[in-house]
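Subject: Structure for your review

Dear colleague,

Please find below the structure that I would like to hand over to you. I would be grateful if you could keep it open while reading the notes that come after it.

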Amino acid sequence: MKRITLFILILFTLSGCNMSYESIEEAVQSQWKTPIKVVNQDKNNQLVYYFDQSQHILGTYQYENGKYRYDNEQSIGTVFDSESGLPFLLSANHFDGVGEIIHGAIKTEQEVDRFVIEYKCGEKQEIQARSNTFITEFPSYLTIDADGFFGEVENAYAYDKNNEIIESWK
């Protein structure tokens, strides 16, 4: 009986090791056959923004005991382009256990310093860019869910470090 219990315990421990990784990159890559590139991470909300070929993907991960786990269960991916101007993504989604999240990106070789979202109520939300992407929570003055987000947005802008507008969303 002791051997069976020990064997089951070893199997349980080893199976848990197969799903946990030292880095977020390894955890996300474990779900994909094609190479991915992690470009942004929100450690407080355990969100990761990455590229899979031409897709921009935001998903949740778990971090416990110094190890990362990722399973694509809560992820949203999109491909975006533009007929005029630089391609500019602005998106809002609900993630269970996290809440309402805004994320976006701009496709440009120029480095984005920050994004600013202007709301119809007159408020502005400034978010630091990372690899020309951003992840942020809904501001406290928005009392809507992700479905109503675009009805509250006036415009969004990407700025460089010299405070020059790179591109606007609209």
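The notes below go from the whole protein to its sheets, its cores and two individual residues.

**Overall picture**

Please keep in mind that this is a predicted model. The protein has 170 residues, of which 41% count as buried. Its secondary structure consists of 2 helices and 13 strands. Among contacts between residues at least 6 apart in sequence, 45% join residues at least 24 apart. The protein exposes about 10400 Å², and carbon and sulfur atoms supply 47% of that area.

**Two open sheets**

Strands of a sheet pair through backbone hydrogen bonds, and the pairing is either parallel or antiparallel.

One open sheet contains 4 strands in the order E1-E2-E3-E6, with antiparallel pairing. Its edge strands are E1 (residues 36–42) and E6 (residues 75–78), each of which pairs on one side only. Neighbouring strands in this sheet are turned against each other by 20° on average, direction ignored. Within the sheet, E3 (residues 55–60) and E6 are joined in the antiparallel sense over 4 bridges. To locate this pairing in the model, you may look for His56, whose bridge partner in E6 is Thr78.

Another open sheet of 4 strands runs in the order E10-E9-E12-E13, and here too the pairing is antiparallel. E10 and E13 each have a single partner strand, so one side of each is left without a neighbour in the sheet. The average turn between neighbouring strands of this sheet is 20°, direction ignored. E9 and E12 pair in the antiparallel sense over 6 bridges, and Arg114 stands opposite Tyr159 in E12.

**Nonpolar cores**

Which residues of the largest nonpolar core touch the most other members? Of its 20 residues, they are Leu90, Ile102, Phe115, Ile117 and Phe149. Strands E7 (88–95), E8 (99–106), E9 (114–119) and E12 (153–159) each supply at least two residues of this core. Apart from it lies another core, which has 11 residues, including Ala27, Val38, Tyr61 and Tyr68.

Leu90 also deserves a look by itself. Leaving aside neighbours within four places in sequence, Leu90 is in contact with residues including Ile102, Ile117, Phe134, Phe149 and Trp169.

**Two residues to examine**

Is Gln125 buried or exposed? Gln125 counts as buried, because its relative accessibility is 9% and the cut-off for buried is under 20%. This residue is placed in strand E10 (residues 124–128). Its side chain makes a polar contact of 2.6 Å with the side chain of Tyr119, and a polar contact of 3.4 Å joins the side chains of Gln125 and Thr136. Not counting residues up to four places away in sequence, Gln125 touches several others, among them Ile102, Phe115, Ile117 and Tyr141.

Trp169 is found in the segment after strand E13 (165–168). With a relative accessible area of 26%, Trp169 is partly exposed. Beyond residues up to four places away in sequence, Trp169 touches Phe88, Leu90, Phe150, Val153, Asn155 and Ala156. The C-alpha atoms of Trp169 and Ile106 are separated by 9.1 Å, and these two residues are 63 residues apart along the chain.

Yours sincerely,

A colleague

Technical notes: Residues are numbered from 1 along each chain as its sequence is written. This is a predicted model: local features need pLDDT of at least 70, side-chain atom pairs count only at pLDDT 80 or more; totals for chains, interfaces and linings use all residues. Side-chain values use heavy atoms; hydrogens and water are left out. Buried means under 20% relative accessible area, exposed over 50%, partly exposed in between (1.4 Å probe, protein chains only). A polar contact is a pair of N or O atoms within 3.5 Å; within protein, one must be able to donate a hydrogen and the other to accept it, and residues adjacent in sequence count only if both atoms are side-chain atoms. Contact means heavy atoms within 4.5 Å. A nonpolar core is a set of buried Ala, Val, Leu, Ile, Met, Phe, Trp, Tyr and Cys residues joined through side-chain atoms within 4.5 Å. Two strands pair if DSSP finds at least two bridges between them. Axes are lines fitted to C-alpha atoms, for helices over the stretch in contact, and angles run from 0 to 180 degrees between N-to-C directions. Accessible areas come from the Shrake-Rupley method with a 1.4 Å probe; for residues, only the protein chains shown count as cover.
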